[in-house]
Amino acid sequence: MIDIHTHILPGMDDGAQDLYDTLEMVRLAADSGVTAMVATPHCNIPGIFENYFNDYYIETIQKVRDAVHREQLPVNILPGMEAFGTPDLPDLLENGQIMTINQSRYLLIEFAFDEDPVLVEYIVDKVHRMKIIPVIAHAERYQFVQRNPDRVYRWRKKGYPIQINKGSFQGRFGRSAAETAHLLLEHNLVSVVASDAHSPHMRTPYMANVYEELLMYYPENYIDMLFKENPRRICQNEPILGYTAKRVE
């Protein structure tokens, strides 16, 4: 499996607080069958987590890679960011201040959970006009998506990948997020399942339990597409796949 949404860079946001946390998270991921993790710290959140691409980012991810190598953990650490959607995000991309997923044309982008959907559409479309493909982070958690899931269908028609948090299938983010996650999955609107891991204790990067749970209800090639093939394609800057599957009752 490849996890494209993790907060494993120590001390950069509300994820791993130190290198010990980072290594425990990478170890958990490896134990669950993950072979690559994209380090996606929150960035471009004004006054909270700015974390623009700079020397400190480079030094931090290299420190993590060196430590993972020393510990002989079989996980490749790839660069990325979870960019907060603001009207000036395209300018920041143009100026090289935002890291896409593994330097591909795919950008992991998030919004406030109560954001105005009109503003969301404006920003993601503006980013897309730059030849950057928005990957909508944890789409199931946005209130406007929970009220109107059809919006996700329109995103997929535009070619925007939809990332769902593995914890949503377990009810970690509340009933509405869980119901929306299952609804999107049943209607083949999910592109990627990722951990959005923040800790080795809560919201962990352990992926195997959710992978195995979903295998009980959907074909293996569908679930593999969400946990393995599409994440690989995003990291390698390739077009993602779609799929038509029916839930097994």
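Which residues are linked with Glu 121 in a network of salt bridges? The close-ups below come from a predicted model, and the network is made up of Glu 121, Asp 125, Arg 151 and Lys 158.

**View 1. Glu 121, Asp 125, Arg 151 and Lys 158 join up in a salt-bridge network.** Zoom in on one pair from this group: Arg 151 and Glu 121 pair up through their side chains, with N and O 3.3 Å apart. This contact ties together distant parts of the chain, since Arg 151 sits in helix α6 (residues 150-158) and Glu 121 in helix α4 (residues 117-128), 30 residues away. Both partners, Arg 151 and Glu 121, are buried.

**View 2. Glu 24 and Arg 27 make a salt bridge inside helix α1.** Here the closest N and O atoms are 2.7 Å apart. The two residues are three positions apart in helix α1 (residues 19-31), or about one turn of the helix. Glu 24 has a relative accessibility of 25%, so it counts as partly exposed. Arg 27 is partly exposed too, at 26%.

**View 3. Glu 179 and Arg 175 make a salt bridge in helix α7.** The side chains meet with an N to O distance of 2.8 Å. Glu 179 and Arg 175 are four residues apart in helix α7 (residues 175-186), so about one helical turn separates them. How accessible are the two ends? Glu 179 is partly exposed, with a relative accessible area of 44%, while Arg 175 reaches 68% and therefore counts as exposed.

**Tally.** The salt-bridge count for the model comes to eleven, and the pairs shown here include Glu 24 with Arg 27 and Glu 179 with Arg 175.

Methods. Residues numbered from 1 in each chain as written. Predicted model: local features only at pLDDT ≥ 70, side-chain atom pairs only at ≥ 80, totals over all residues. Heavy atoms only, no water. Salt bridge = Lys/Arg side-chain N within 4 Å of Asp/Glu carboxyl O. Buried < 20%, exposed > 50% of the residue type's maximum accessible area, 1.4 Å probe, protein only.
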